[in-house]
Amino acid sequence: MRYMTAGESHGKQMTTIVEGVPSNMPLLQEDINGSLVRRQKGHGRGKRMQIEKDMAEITSGVRHGYTLGSPISLVIHNDDFRHWVDIMGEDPVEDDKQLRRKVSRPRPGHADLNGALKYGHRDMRNVLERSSARETAARVAAGAVAKTLLKQLDIHIAGYVKEIAGITAEDDSSLTIADRQRISEDSPVRTLDENVEQPMKDAIDQAKKDGDSIGGVAEVYVEGLPAGIGSYVHYDRKLDGRIAGNVMSINAFKGVEFGLGFEAARKHGSQVHDEITWSEEAGYYRKTNRLGGLEGGMSTGMPLIIKGVMKPIPTLYKPLQSIDIETKEAFNASIERSDSCAVPAASVVMEHVVAFEIAKAITEQFPHDQFPKLQKAINDYREEIRCF
Ligand SMILES: Cc1cc2nc3c(=O)[nH]c(=O)nc-3n(C[C@H](O)[C@H](O)[C@H](O)COP(=O)(O)O)c2cc1C
Ligand SMILES: C=C(O[C@@H]1CC(C(=O)O)=C[C@@H](OP(=O)(O)O)[C@H]1O)C(=O)O
C-alpha cells in the first residue's frame, strides 16, 4: 500500500490517492469522515477550524461499498478557498497586485525560509501553502482507509493526548483498548485522565492569552497485532524504524518513543526487557510490556505503545524576531490567525499515520489481491504462532 497527497492549504481541495488496498473490502465514506471530524476537534485550535467542515468524497476505487482493488481517490474541499480565490486561483495576476501580496517575512520554526531558499520562491506563500498542516487532513483520510482494513483484521488503534506543556496524564496501564478509543473519540482535549484535562485546557488558554503557543506528547496504542510483523532481516523493513520515520514526518513532531522510550537509557536490563511466558490458550506472551510491543524490528504480539513529541506551534501572536527577505531588515513577525496548541488534533493524525504504516507492513507480508484472502491468511498465521 502507498499513498500520495496533493493540495494547498487555501487552494480548492486536498486530494489523496491510496493504492494497494485489496479488493472486496467493505469501505464507506462515513468510515473516513468520522476520522476527519475527530482531527478538527480539540482545545487550542484557531479560527480556521470554524470555517472548515472536513468531509471526504470517494471519487474512485470503491463501488457499492466495496473496494475494487484499483486506486482509491479521496477529495476534501477547502471551504476557506472562497475567501482566497483571487490569491490562490490559477489565473495570472498583474505584477503590482502580486507584489503587494507577497509574503516576505519568514516565521521562525516554520518552513518559510528554508522552503524559499530551496525552491527560489521570493513569495513565501508558495511555501507556506503546502507546508501547512492542512495536509494532515489528507493523511488522515488515507489512514482512515488503513484503519478500516485493520479493524476488519481485528487490529484496533487509538490516539490521545498524553501530555501538554509538562502536564502529564496519570498512569493508564489498566485501560482497555475500548476505553482508549472512547476517550480519543469523545473528549475535546482527549486525555486519559479527566483530572488533568482542565489544567491542560487552562495552560492552552493561558498560552493563547500570552500570544504564545505550547506543544506536548501524543500517544498511540495498537492492540491485536500478531507477533512477527515487520522484519529483523533488512533495516528498511524494521517496523519500529518505519513507524518512527512516519511519526517524525508529521508537522511539528520532533521525537518518537516506544514503551519506556528514553527512560530505558537510565535503567538496567532487568528493568527494561519483558520476560517471555506461555499458555495453551494464548501461546507466547509477556507479563510486562516495557518495550512497547516491539523487539528486533518486529511486533511481539503485545500492544504497541508509541509516543510522539510535538513542539509548540511556530506562528506566534507574540512576535519573534526575523528578517524580511526583501528589505533584509529585522522585524517582529505579526500574524492574523493560528492554532495555539494542536496536540489533540495531532494525536488523531499520529493514530492515522501509524495505522497506515502497519496496514502497509501487513499487506507486504501477506500479499493478497483480495481482502477475504488476506483475512484468512492473518487468521491462519495467528493460529500457527499460537501453536508454535
Ligand atoms: C494539526 C496541526 C496543526 C498545526 N497548526 C499550526 C498553526 O496553526 N500554525 C503554525 O504555525 N503551525 C501549525 N502547525 C505546525 C506546522 O505545520 C509545522 O511546525 C511546520 O510545518 C514546520 O514543520 P516542522 O515543525 O516539522 O519543522 C500545526 C501542526 C499540526 C500537526
Ligand atoms: C488548516 C489546518 O491547520 C492549519 C495549519 C497551519 C500550519 O501552518 O501548519 C496553519 C493554520 O492555517 P491558517 O493559516 O489557514 O489558519 C492552521 O489552521 C488544518 O489542520 O486543517
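**View 1. An open sheet of five strands, with antiparallel pairing, is our starting point.** In this predicted model, the strands follow the order S8-S7-S9-S15-S10. At the edges of the sheet sit strand S8 (167-168) and strand S10, each of which pairs on one side only. If sheets are new to you, it helps to know that their strands pair through backbone hydrogen bonds, either parallel or antiparallel.

**View 2. Two helices pack on this sheet.** Helix H10 (residues 239-248) touches S10 and S15, and its direction makes about 155° with that of S10. Helix H11 touches strand S7 (156-164), S9 and S15. The direction of H11 makes about 145° with that of S7. Notice that S15 is touched by H10 and also by H11.

**View 3. Here we zoom in on strand S15 (residues 304-310) and its buried residues.** Seven of the seven residues of S15 are buried, so this strand is largely enclosed by the rest of the structure. Follow the side chains along the strand: Leu304, Ile306, Gly308 and Met310 point one way, while Ile305, Lys307 and Val309 point the other way. Both sets are buried, Lys307 included.

**View 4. Strand S15 has a pairing partner in S9 and another in S10.** With strand S9 (residues 216-223), S15 pairs in the antiparallel sense over seven bridges. Look for tyrosine 221, which stands opposite isoleucine 305 in S15, and for valine 220, which stands opposite isoleucine 306. With strand S10 (residues 253-258), S15 also pairs in the antiparallel sense, over five bridges. Along that pairing, glutamate 257 stands opposite lysine 307 in S15.

**View 5. Ligand 1 sits among 20 residues.** Those that come nearest are Ala133, Asn251, Thr315, Asp339 and Ala342. The shell around ligand 1 is made up of ten nonpolar, eight polar and two charged residues. You have already met one contributor: helix H11 (residues 343-365) supplies three residues, the largest share of this shell.

**View 6. Ligand 2 is surrounded by 13 residues.** The closest are Arg48, Ser132, Ala133, Arg134 and Arg337. By class, two residues of the shell around ligand 2 are nonpolar, six are polar and five are charged. Keep an eye on Ala133, which is listed among the residues nearest to ligand 1 and also among those closest to ligand 2.

Methods
Residues are numbered from 1 along each chain as its sequence is written. Chains are lettered from A and ligands numbered from 1 in the order in which they are written. This is a predicted model: local features need pLDDT of at least 70, side-chain atom pairs count only at pLDDT 80 or more; totals for chains, interfaces and linings use all residues. A residue is near a molecule or strand if its C-beta atom, placed from the backbone, lies within 6 Å of it. Helices (H or I, at least four residues) and strands (E, at least two) are DSSP runs, numbered from the N terminus. Ala, Val, Leu, Ile, Met, Phe, Trp, Tyr, Cys and Pro count as nonpolar, Asp, Glu, Lys and Arg as charged, and the others, Gly among them, as polar. A residue is buried if 20 or more other C-beta atoms lie within 10 Å of its own, exposed if 12 or fewer, and partly exposed in between; C-beta atoms are placed from the backbone. Two strands pair if DSSP finds at least two bridges between them. Two residues are in contact if their C-beta atoms, placed from the backbone, lie within 7 Å. Axes are lines fitted to C-alpha atoms, for helices over the stretch in contact, and angles run from 0 to 180 degrees between N-to-C directions.
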